[in-house]
Amino acid sequence: MINRSLGISCGLAILLAGCSETTTKDSSKTIPKTSETVKSDIIFKNLRTPWNIEKNQQTFYITEREGTIVKGTEGKYSRMDLKLTEPVVAEGEGGLLGMALDPDFSKNRTAYVYHTYEKDGALWNRIIAIKEEKESWKEQRVLLDTIPGASIHNGGRIEIGPDGLLYVTVGDAAVPENAQKLSSLSGKILRMNLNGSLAKGNLKEYVYSYGHRNPQGLVFVDQTLYATEHGQNGHDEINRIEQKNYGWPLIEGTEKQKGLVTPWYEVGEKSVAPSGVAEQNGKLYFGTLVGQSLRSIETESSKVEQLVTDRGRIRDVMTDGEELYYVTNNTDGRGNPSDEDDVLVRLKP
């Protein structure tokens with residue numbers, strides 16, 4: 001694990017491509033709050049820049065950006081190290097990011113993670129399979145590496161689809177034009193088999209969709225894939241993902257151009273920076289970083305509500321089919337952490 005300050009400014013990268021995680025504007029005034037009081041329980045306290053929540057039976061697994069995985073049941077957890085051939089580099093928005101448990105995890109203890117590393121002085125990302133062994137995780141195989149990385153716009157969310165394939169978000173790594181190049185992995189949603197081999201039917205090799213700026217959330221609703229995405233100076237998006245071109249940097253917001261997809265939902269001119277997303281009972285629930293809230297959006301009407309507004313930055317949301325959980329991200333150098341932050345929270349019905 002190599003930590004190079006999670007609180008760095010975007011610097012020159014802002015001038016090149018914007019940096020919506022740190023944009024201070026927010027459109028929350030235009031979004032109604034739910035009329036009911038949302039009750040919650042804190043499951044874990046004092047997490048260290050958590051990024052992704054997974055759950056197997058009663059056990060939670062949470063990635064922390066510096067390169068550890070929290071494992072625990074309600075109220076009690078430990079940190080597990082990763083034994084990797086390439087150390088995790090936690091620089092800016094990079095580090096240990098997305099995680100997905102294998103469908104047969106209870107038997108094979110295998111998971112898939114996305115993390116940033118350094119090679120020849122440059123930042124890259126890779127997708128690997130890891131196996132839980134006692135109190136640590138050991139790298140098993142590399143599914144895909146040399147994915148362009150940077151201090152911003154690494155993407156990093158992983159989801160296993162109903163087709164049994166692995167879907168992965170990749171940001172533009174602060175080089176917007178690469179999002180339009182099918183020869184580049186930047187600014188894409190990738191699809192592959194669980195062993196890392198090419199899935200049939202992609203647009204090109206691993207590329208499932210392209211023209212993305214910094215997608216940070218993935219969820220399937222039946223057979224439909226949804227993705228959240230950070231815009232530039234506003235215009236954050238939620239898209240229904242098909243094998244198409246989603247326009248960045250040629251269009252953004254409600255702009256239209258032949259052959260490019262205009263978003264299913266976009267926030268307007270003020271950023272909220274949507275991240276992890278989950279589905280339950282016909283609604284998508286998504287955390288926002290700049291927006292500092294947990295929000296829901298109805299898949300039929302696109303009606304949006306704010307459910308939680310008093311926890312600061314919210315990075316990921318997860319449902320186990322019965323209850324909804326989210327994790328804050330106030331210790332990433334861009335928030336105002338309390339003595340308990342960061343926390344894993346369960347919403348009460």
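**A mixed sheet and its buried strand β4**

Tyr-61 stands opposite Lys-71 in β5. That pair is a good way into this predicted model. Tyr-61 belongs to β4, and 5 bridges join β4 to strand β5, residues 68-73. The two strands run antiparallel. They form a hairpin, with 3 residues between them. Gly-67 sits in that turn and has a positive phi of about 120°.

Now look to the other neighbour of β4. Strand β3 pairs with β4 in the antiparallel sense, over 6 bridges. Ile-53 has Ile-62 as its bridge partner in β4. This pairing is a hairpin too, with 2 residues between the strands. Here Gln-57 takes a positive phi, near 55°.

How many of the 6 residues of β4 are buried? The count is 6 of the 6, so the strand, residues 59-64, is largely enclosed by the rest of the structure. The cut-off matters for that reasoning: buried means under 20% relative accessible area. Both faces of β4 are covered. On one side lie Thr-59, Tyr-61 and Thr-63. On the other lie Phe-60, Ile-62 and Glu-64. Note the residues already met: Tyr-61, opposite Lys-71, and Ile-62, the partner of Ile-53, are on opposite sides and both buried.

Step back to the sheet that holds these strands. It is open and has 8 strands, in the order β3-β4-β5-β6-β11-β10-β9-β8. The pairing is mixed. Its edge strands are β3, residues 50-56, and β8, residues 96-101. Each of the two pairs on one side only. From one strand to the next, the twist averages 30°.

Where does a parallel pairing come in? Strands β6 and β11 run parallel, joined by 3 bridges. Strand β6 covers residues 76-83, and β11 covers residues 136-148. One contact to pick out is Leu-82, whose bridge partner in β11 is Trp-137. By contrast, the β3 and β4 pairing is antiparallel, as is that of β4 and β5.

Last, a residue in a loop. Glu-300 lies between β22, residues 293-298, and β23, residues 304-308. Is Glu-300 buried or exposed? Its relative accessibility is 78%, so Glu-300 counts as exposed; the threshold is over 50%. Glu-64 in β4, in turn, is buried. Measure the span from Glu-300 to Thr-68 in the model: C-alpha to C-alpha, the two are 38 Å apart in space. In sequence, 232 residues separate them.

Technical notes. Residues numbered from 1 in each chain as written. Predicted model: local features only at pLDDT ≥ 70, side-chain atom pairs only at ≥ 80, totals over all residues. Heavy atoms only, no water. Pairing = 2+ DSSP bridges. Helix = DSSP H or I, 4+ residues; strand = E, 2+ residues; numbered from the N terminus. Axes fitted to C-alpha atoms, helices over the stretch in contact; angles between N-to-C directions. Buried < 20%, exposed > 50% of the residue type's maximum accessible area, 1.4 Å probe, protein only.
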